[in-house]
Protein chains: 2
Amino acid sequence: MKLTYLNNTFLPEENAYLHISDLAIQRGYGIFDFLRVIDNHPLFLEHYLNRFYASAKEMLLEVPYEREKLTAIILDLIERNNLPVSGVKIILTGGYSPDAYQMVKPNLIITQQALSLSTTSFPKAGIKVITHEFVREMPGVKTINYLTGIRMQQRVLEQQAADVLYHQRGIVSEFPRCNFFMITQDSVVVTPSENILHGITRKNVIELASKKFKVEQRNISVEEIKTAKEAFLTSTTKRILPITQIDSAIIGNGLPGSMTEILFNDLVTLEEQELKALTRK
Amino acid sequence: MKLTYLNNTFLPEENAYLHISDLAIQRGYGIFDFLRVIDNHPLFLEHYLNRFYASAKEMLLEVPYEREKLTAIILDLIERNNLPVSGVKIILTGGYSPDAYQMVKPNLIITQQALSLSTTSFPKAGIKVITHEFVREMPGVKTINYLTGIRMQQRVLEQQAADVLYHQRGIVSEFPRCNFFMITQDSVVVTPSENILHGITRKNVIELASKKFKVEQRNISVEEIKTAKEAFLTSTTKRILPITQIDSAIIGNGLPGSMTEILFNDLVTLEEQELKALTRK
């Protein structure tokens with residue numbers, strides 16, 4: 001029986017309910033974060049918690065627990081559930097509002113989901129993505145608002161694509177749940193710097209890439225990405241996923257690129273090192 | 001005991017819960033509408049239902065009931081609760097999503113809240129509002145996303161204001177939950193035409209104003225509103241509320257205006273006529 005943590009109790013996930021007066025249901029008001037667990041160890045937990053507390057602060061929500069206590073709850077949940085390869089999601093909502101508008105004591109939800117073991121071998125095929133003009137309301141904050149991302153899913157499927165890349169007036173930003181990277185014809189690794197959520201995997205990839213390549217964080221136009229030698233997206237669950245088509249433009253030779261492969265392997269190694277360090281503790 | 005309608009059942013409001021897998025909680029995905037009840041009659045129900053079904057369609061959510069059946073449920077709830085002066089809120093969410101992203105069978109929630117009887121005499125004092133650069137994600141759709149509106153409440157209070165008026169690059173749109181009107185020095189009634197939710201009270205006021213005055217629906221700049229002879233906001237619960245200060249600018253002579261008063265009285269009369277027609281049915 002899988003457990004969820006709700007406010008101050010562990011309870012079976014199927015019994016985890018919020019009253020309809022919650023401000024997430026009434027007004028879509030909440031923040032969250034999502035991290036990955038391997039061998040029952042949460043990877044890069046400190047970075048995810050940094051972002052979670054920063055999002056809460058930005059949205060004027062008080063996290064009911066100090067960092068140390070919240071960490072202990074997450075580790076406790078992981079131990080109780082024993083889902084060695086999984087994801088942990090932490091949601092904080094605006095609480096049970098008496099007038100459906102005023103923020104009150106937030107509701108905290110921590111859930112855990114088994115993930116299919118993502119392979120550590122580099123994908124043999126890339127994905128197609130489409131572009132769409134949109135910028136998220138507060139791009140730097142991990143709010144629960146995915147109205148446009150979810151609404152776009154139908155068009156993504158119709159176009160036989162895997163995801164949708166946002167841009168505003170021709171400047172590329174991010175995917176609904178992933179960051180974007182490209183590699184220029186002269187082998188510079190470039191990723192957008194504005195109107196994005198600062199992904200933890202993005203941060204790790206920038207650090208890894210900086211050791212071997214030239215890296216730039218800057219504005220990238222929709223035209224420029226279509227001239228890329230290689231392109232890929234990063235996310236907590238997907239690690240690095242090669243992109244071989246953007247709208248109708250084929251990227252590079254239409255196959256996952258060699259620099260993307262190097263970064264993928266470096267990321268897998270980084271995860272293994274993190275895991276070793278956690279096991280030793 | 002106040003009742004709520006949830007999916008296909010009437011139940012006590014305090015027992016109305018959604019499982020945490022609902023897409024409103026996970027991704028802020030949902031739409032709603034809100035209408036007013038007087039003497040146990042819902043006012044302008046057809047218009048609110050038109051908008052509710054239009055919002056659902058735009059967000060690719062299927063309303064589980066045809067219009068006639070949904071109307072019957074709303075009337076049934078009103079009869080059971082017997083809250084003569086009240087508001088009815090209809091929420092439709094993305095449903096219990098297995099992967100916290102995919103839309104599934106929506107959850108329908110209908111709640112009713114007693115409202116303090118709003119006076120039918122014209123307010124003797126106006127309100128102060130502040131301005132803020134922002135445009136809602138899908139302004140024409142009544143989604144549950146109020147991230148910015150709720151987050152701004154603290155600044156509204158700090159500034160001793162009653163509400164916040166959005167503009168984008170200097171062009172005024174709307175308040176988080178109300179529409180904006182101004183009256184120019186030469187007595188033209190003007191209301192923004194773009195990036196707004198089409199309020200039912202706004203529609204009624206435009207129709208009433210057109211019988212007596214010149215009315216324009218067009219872009220209005222932040223500079224222009226500060227030169228207004230009169231200004232007011234409209235909403236379902238607030239009817240017409242005179243605005244006498246915008247940021248630091250005093251509107252007119254700092255008191256509610258005479259044309260605003262005429263429109264307020266005409267709106268009260270229209271409600272009385274609607275109520276009479278409903279009672280006769």
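Is T269(B) buried, partly exposed or exposed? The exercises below begin with this residue and then turn to others.

This is a predicted model, in which local features need pLDDT of at least 70, side-chain atom pairs count only at pLDDT 80 or more, and totals for chains, interfaces and linings use all residues. Residues are numbered from 1 along each chain as its sequence is written, chains are lettered from A and ligands numbered from 1 in the order in which they are written, and side-chain values use heavy atoms, with hydrogens and water left out.

**Exercise 1.** Classify T269(B) by its accessibility and describe its surroundings.

Solution. Begin with the cut-offs: buried means under 20% relative accessible area, exposed over 50%, and partly exposed in between, with a 1.4 Å probe and protein chains only. T269(B) has a relative accessible area of 34%, and it is therefore partly exposed. Next, place T269(B) in helix α7 of chain B, residues 258–280; helices (H or I, at least four residues) and strands (E, at least two) are DSSP runs, numbered from the N terminus. Finally, look at its partners: the side chain of T269(B) reaches the backbone oxygen of N265(B) at 2.9 Å, while the C-alpha atoms of T269(B) and T120(B) are separated by 9.4 Å although these residues are 149 apart along the chain.

**Exercise 2.** Classify E174(B) in the same manner and name a polar contact of its side chain.

Solution. E174(B) lies in the loop between β10 (171–172) and β11 (179–183) of chain B. Its relative accessible area is 2%, so E174(B) is buried. A polar contact is a pair of N or O atoms within 3.5 Å, where, within protein, one must be able to donate a hydrogen and the other to accept it, and residues adjacent in sequence count only if both atoms are side-chain atoms. The side chain of E174(B) makes such a contact with the side chain of R136(B), at 2.7 Å. Leaving aside residues up to four places away in sequence, E174(B) touches several residues, among them P139(B), Y166(B) and N195(B), where contact means heavy atoms within 4.5 Å.

**Exercise 3.** Describe the backbone angle phi and the setting of D39(B) and D247(B).

Solution. Recall that most residues other than glycine have a negative phi. D39(B), however, has a positive phi near 50°, and D247(B), which is not a glycine either, has a positive phi of about 50°. D39(B) lies in the loop between β4 (30–38) and β5 (41–42) of chain B, and D247(B) in the loop between β15 (239–246) and β16 (249–250) of chain B. D39(B) is partly exposed at 48% relative accessibility, and D247(B) is partly exposed at 21%.

**Exercise 4.** Work out how chain B is related to chain A.

Solution. Copies are superposed by least squares on the C-alpha atoms of residues with pLDDT of at least 70 in both. A rotation of 180° with 0.0 Å of shift along its axis places chain B on chain A, with an RMSD of 0.0 Å. The two copies are therefore related as by a two-fold rotation axis. In chain B, the C-alpha nearest the axis belongs to G28(B), at 2.1 Å from it. The same surface serves both copies, since 100% of the contact residues of chain B recur in chain A.
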